[in-house]
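Open the model in your viewer and keep the sequence panel visible. The stops below go from the whole chain to a single strand and its partners.

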Amino acid sequence: MKQLFVVFMTVGALGLLACENVDSEDVMTDGIYADINAIATGDGNTTVRASLRVGGNASNTFLELVGDDKLVASMGEETAEMGEKTFLGSKWYTAEFSEDAVDTEFNVAFERSVDEPAPESKMTMVAPFDITVPASSASYSRASDDIELAWETSGTSDTMLVNID
């Protein structure tokens, strides 16, 4: 009986974290929050990632592209329709490019006929940087340790945003 209770508790907890998806044709373009990134890890490739939400950045209502709505990523003349990924109700779209050079420009176009498209969401690859603190061998407790983060600059004054998953 105790094991059955644990299973129900686990399923119930996952239900609280559930995300909602809404069809893109039901939302006007100006009601969509777009979180778009170009991520390079130093292997010569870049992943362009886009998450579309209704209700702002903190919302758990994700846009499901339906009908003729689509996201198209480009780098120079190379284009790729972004493919859908999901995990526990979260939804995002990705495209891969074989380039990670400094100053490479990427664009994401939200193509649609139901409302105005959003054809230009541009980003430029910054120079690589090295994280100097914490050391790769360090371990911490999120419950009791403050974690300091430091990096060597890439030589530019670009703003950096750090996301820790």
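Colour by secondary structure: the protein has one helix and twelve strands, where helices (H or I, at least four residues) and strands (E, at least two) are DSSP runs numbered from the N terminus. Along the sequence the order is α-β-β-β-β-β-β-β-β-β-β-β-β. This is a predicted model, in which local features need pLDDT of at least 70 and side-chain atom pairs count only at pLDDT 80 or more, while totals for chains, interfaces and linings use all residues. Residues are numbered from 1 along each chain as its sequence is written, and side-chain values use heavy atoms, with hydrogens and water left out.

Next, show the surface. Its accessible area is about 11,300 Å², 51% of it from carbon and sulfur atoms (Shrake-Rupley method, 1.4 Å probe; for residues, only the protein chains shown count as cover). Of the 165 residues, 22% are buried, meaning under 20% relative accessible area with a 1.4 Å probe and protein chains only.

Now select residues 70-75, strand β5. Five of its six residues are buried, so β5 is largely enclosed by the rest of the structure.

Add residues 105-111, strand β9. β9 pairs with β5 in the antiparallel sense over six bridges; pairing requires at least two DSSP bridges between two strands. Label Val 72 and, opposite it in β9, Ala 109.

Then add residues 78-81, strand β6, which runs antiparallel to β5 and is joined to it by four bridges. Here Ser 74 has Thr 79 as its bridge partner.

Finish at the turn. Two residues lie between the strands of the β5 and β6 hairpin, and Gly 76 has a positive phi near 60°.

Note on methods: Buried < 20%, exposed > 50% of the residue type's maximum accessible area, 1.4 Å probe, protein only.
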